Amino acid sequence: PFIATLLPLSLLFITYKLNKKIFWVVAFGFGFFLSNLIFVLQFISCGAAIMADRYSYCAYIGWLFMIAYLLNLVRLHFPQFRSSLVIVLTLFSISLGVLCYGRTLAWHDAESLLTDAIERYPKQALLSYKWRGNFYLDKAYKTNDPSFASKALDDYHILTLLRSADRYVWRNIGKAYSLLGDYNKADEAFNMSTQLEAMGKGALAGDPANQATVIPADNAPVNPNQQPNNNPQDTTLTNQLSAANGKQKADPATEKKINEMAFSHVQAGKFEAALAEYNILLKMNNRNPYYYFYRGVAKYSTGKIQDAITDWEVSMVFNNTEVQKSAAFNLAIAYDTIGNDTMAVRYAKDAQKFGWDVKPEYMAKWQKRADAQKRKK
């Protein structure tokens, strides 16, 4: 960017010294260019985006004005070059047209665009690997075709090899393995995602944050194997919580007490406290599906819907029918909240398969909207 800034300033200086009239033409052209960029560049957090060509399409009118003006001067002052100038400009315009048409093939859809970037910059276009992997994973869900899940894994594995996989990539690796039926590897990937989240890594800018929504009371799932502790000894557990935080192993009695307290906080609607406690519990024991499930409830109830979906999908990997039944219905509710009716129907059917009594009006509503989305596509 500094070199790019120096070039027009040099041109302005040279034209100012040589010809004031041309200087004002050049100043207008650069001024038009800059004034258009001001409205689209992210000056506060631009980074390398300041060099991105997509921001400059309209702004290039300023450059084209300068070029057209200067070429006209050449035509007027050097008439012997008129024919050559026309031929060169015609060939140059045709070449631009050919190149433009070639780019329309790369910009056909997300897959073709990202594939083009990866082929041009193999092992370098890291975001392109991530986004193409997301594209394939989304297609695997929509088409129920496991081959797309395999393609997604190929892209995600490049990121893992280059040590560039954040917690969202590991979460999607777990989803892909789940679609392929390899639940052991899915479990390992989900655990890696959880560990990265616990370490505070992978919190990308622009991560979805939805408005807080509460699961309908008449369909709110509960853990049938646990009862709420209405008298949690919160104050006596303070030191135990501090000791357990950040540890992978802890005293089973301490884990049990924290679990009882966290569950009572969920029942009492103290979701922020419950979320902190389930984060600790998962550091102590990441093999308990109930911890993922109830952390998902806490996240959903504090508006972190996408994160809640992740936790519930992780809990589905464990072979615990009671958890899978409740998690599947919660996922149907969550996907309905974010407007993904196809996934809402899918998980509602899973909930029915596991024995959840999904109300007919819920299923009819989701199925109707999912069918409408398919027809629209």
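Guide: A residue counts as buried when its relative accessible area is under 20%, as exposed when that area is over 50%, and as partly exposed in between. The model we are looking at is a predicted one.

Visitor: With those limits in mind, is Phe28 buried, exposed or partly exposed?
Guide: The relative accessibility of Phe28 is 45%, and the class between the limits of 20% and 50% is the one called partly exposed. Because 45% falls in that range, Phe28 counts as partly exposed.

Visitor: How many aromatic pairs does the structure hold, and what kind of pair do Phe28 and Phe65 make?
Guide: The count comes to 20 aromatic pairs. For Phe28 and Phe65, the ring centres are 5.1 Å apart and the planes stand at 70°, and an angle over 60 degrees is what defines the edge-to-face kind. The pair of Phe28 and Phe65 is therefore edge-to-face.

Visitor: How many residues apart in sequence are the parts that Phe28 and Phe65 tie together?
Guide: Phe28 belongs to helix α2, which covers residues 20-38, while Phe65 belongs to helix α3. Phe65, at 37% relative accessibility, is partly exposed. Since the two rings sit in separate helices, their pair ties together parts of the chain whose distance in sequence is 37 residues.

Visitor: What is the arrangement of the rings of Phe33 and Trp63?
Guide: The two rings lie 5.4 Å apart from centre to centre, with 40° between their planes. This pair also links distant parts of the chain, with Phe33 in helix α2 and Trp63 in helix α3, 30 residues apart. Angles under 30 degrees count as stacked and those over 60 as edge-to-face, so 40° leaves the remaining class, which is tilted.

Visitor: Of Phe33 and Trp63, which one is buried?
Guide: Trp63 has a relative accessibility of 35% and so counts as partly exposed. A relative accessible area of 15% lies under the limit of 20%, and the residue that has this value is Phe33.

Visitor: Trp63 is also part of a nonpolar patch on the surface, so which of the members, Leu64, is found in which helix, and is it buried or exposed?
Guide: The patch is formed by Tyr60, Trp63, Leu64 and Ile67, with about 390 Å² of accessible area together. Leu64 is found in helix α3, residues 60-77. With 55% relative accessibility, a value over the limit of 50%, Leu64 counts as exposed.

Visitor: Which helix gives the most residues to the largest nonpolar core?
Guide: The largest nonpolar core has 67 residues, and those that touch the most other members are Tyr278, Tyr294 and Trp312. The helix that gives the most to this core, with nine residues, spans residues 321-337 and is numbered α15.

Visitor: Which rings are linked into a cluster by ring pairs?
Guide: The cluster is built through ring pairs, and its members include Tyr278, Tyr294 and Trp312, which are also the residues that touch the most other members of the largest nonpolar core. Written out in full, the cluster consists of Phe263, Tyr278, Tyr291, Phe293, Tyr294, Tyr300 and Trp312.

Visitor: How many residues apart in sequence are the parts tied together by Arg103 and Asp116?
Guide: Arg103 and Asp116 form a salt bridge whose closest N and O atoms are 3.0 Å apart. Arg103 lies in helix α4, residues 82-106, and Asp116 in helix α5, residues 110-120, so the distance in sequence between the parts they tie together is 13 residues.

Visitor: Which residues are linked with Asp116 in a network of salt bridges?
Guide: Asp116 is buried, at 15% relative accessibility, and it forms a salt bridge with Arg120 in which the closest N and O atoms are 3.0 Å apart. Asp116 and Arg120 both lie in helix α5, four residues apart, about one turn of the helix. The residues linked with Asp116 in the network are Arg103 and Arg120.

Visitor: Are Lys130 and Asp166 buried or exposed?
Guide: Their side chains meet in a salt bridge, at 2.9 Å from N to O. The pair links distant parts of the chain, 36 residues apart, with Lys130 in helix α6 and Asp166 in the loop between α7 and α8. Both residues are buried.

Visitor: What is the value of phi at Asn144?
Guide: Most residues other than glycine have a negative phi. Asn144, which lies in the loop between α6 and α7, has a positive value instead, near 55°.

Note on methods:
Residues numbered from 1 in each chain as written. Predicted model: local features only at pLDDT ≥ 70, side-chain atom pairs only at ≥ 80, totals over all residues. Heavy atoms only, no water. Core = buried A, V, L, I, M, F, W, Y, C linked by side-chain atoms within 4.5 Å. Buried < 20%, exposed > 50% of the residue type's maximum accessible area, 1.4 Å probe, protein only. Helix = DSSP H or I, 4+ residues; strand = E, 2+ residues; numbered from the N terminus. Patch = residues over 30% accessible without salt bridge, like charges linked within 9 Å, V, L, I, M, F, W, Y side chains within 5 Å. Areas by Shrake-Rupley, 256 points an atom, 1.4 Å probe, with all protein chains shown as cover. Salt bridge = Lys/Arg side-chain N within 4 Å of Asp/Glu carboxyl O. Phe/Tyr/Trp six-rings, centres within 6.5 Å; stacked < 30°, edge-to-face > 60°.
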